[in-house]
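The following exercises concern the charged and aromatic side chains of one protein chain. Each task is followed by a solution in steps.

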Amino acid sequence: MYAGFWKRLRAFLWDYVLISSYILIITVVFWLLPFSERFFANRIQAQLSIFFILTFPIILYFSISESSSKQGTWGKQKIKLIATGDNGERISFLRSFARTVLKLIPWELSHTLIWEIRFDSHIDPTLINIGFGVVYLLVGLNIASLLITKKHQTLYDLITKTCVVYKNQ
């Protein structure tokens, strides 16, 4: 049986407990480092720093977890869900990595827009609004796809030919 919106959301919220803890630890470490401002000297440096310190480890967390023998992150395991291929097979690391990158595009685009606002006070607000509109559109399309497809697949599931199912299948 395919996992629907609410089950997948619950699993993600459990994962977000871990992600939030990781963000809190990183934040405290950066507050304590006397040279941390060098990581955020300009927009490009800030974006790259956050990508490699925050986003990339989270991509690896999802990719490694979902391609492992457990086929799921901590949150998915708590809700008894697994990520599989369309035919129920275990997904490879590369497939899981692609799935996760596609899943996190709206999140990373939001980071990019926030750094743009932070470092360029003269940026055209219309461009920022369009950027956030794209973020909301992608999130909305993923939710709509999850709700209307037979296998409850998001856009990133459809693209990578994956789905999320109950573990006891």
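**Exercise 1.** Are D157 and R99 buried or exposed?

*Solution.* The model is predicted: local features require pLDDT of at least 70, side-chain atom pairs count only at pLDDT 80 or more, and totals for chains, interfaces and linings use all residues. Residues are numbered from 1 along each chain as its sequence is written, and side-chain values use heavy atoms, with hydrogens and water left out.

Step 1. The term must be fixed: buried means under 20% relative accessible area, exposed means over 50%, and partly exposed lies in between (1.4 Å probe, protein chains only).

Step 2. By this rule both D157 and R99 are buried.

Step 3. Their side chains meet in a salt bridge of 2.8 Å, N to O; the term denotes a side-chain nitrogen of Lys or Arg within 4 Å of a carboxyl oxygen of Asp or Glu. This pair links distant parts of the chain, as D157 is in helix α6 and R99 in helix α4, 58 residues apart. Helices (H or I, at least four residues) and strands (E, at least two) are DSSP runs, numbered from the N terminus.

Step 4. Salt bridges with shared partners join R8, E66, K76, R99 and D157 into one network.

**Exercise 2.** Determine which side chains T162 joins by polar contacts.

*Solution.* Step 1. T162 belongs to strand β2, residues 162-166. With a relative accessible area of 0%, T162 is buried.

Step 2. A polar contact is a pair of N or O atoms within 3.5 Å; within protein, one must be able to donate a hydrogen and the other to accept it, and residues adjacent in sequence count only if both atoms are side-chain atoms. The side chain of T162 has such a contact with that of R99 at 3.2 Å and with that of D157 at 2.9 Å.

Step 3. Beyond its neighbours within four places in sequence, T162 is in contact (heavy atoms within 4.5 Å) with residues including T84, I91 and Y156.

**Exercise 3.** Which parts of the chain does the salt bridge between R43 and E116 tie together?

*Solution.* Step 1. A search of the whole structure yields seven salt bridges. In one of them, the closest N and O atoms of R43 and E116 are 2.9 Å apart.

Step 2. R43 lies in helix α2 (residues 43-67) and E116 in helix α4 (residues 93-119), so the pair connects parts 73 residues apart in sequence.

Step 3. R43 is partly exposed at 29% relative accessibility, whereas E116 is buried at 16%.

**Exercise 4.** Classify the aromatic pairs F39 with F40 and Y61 with F62.

*Solution.* Step 1. Rings of Phe, Tyr and Trp (its six-membered ring) pair if their centres lie within 6.5 Å; planes under 30 degrees apart count as stacked, over 60 as edge-to-face and the rest as tilted. The whole structure holds 16 aromatic pairs.

Step 2. The ring centres of F39 and F40 are 6.5 Å apart and the planes are at 55°, so this pair is tilted.

Step 3. Y61 and F62 are edge-to-face, with 5.2 Å from centre to centre and 70° between the planes. Y61 is partly exposed at 22% relative accessibility, while F62 is buried at 1%.

Step 4. F39 and F40 also belong to one aromatic cluster with F30, F35, W115 and F119.
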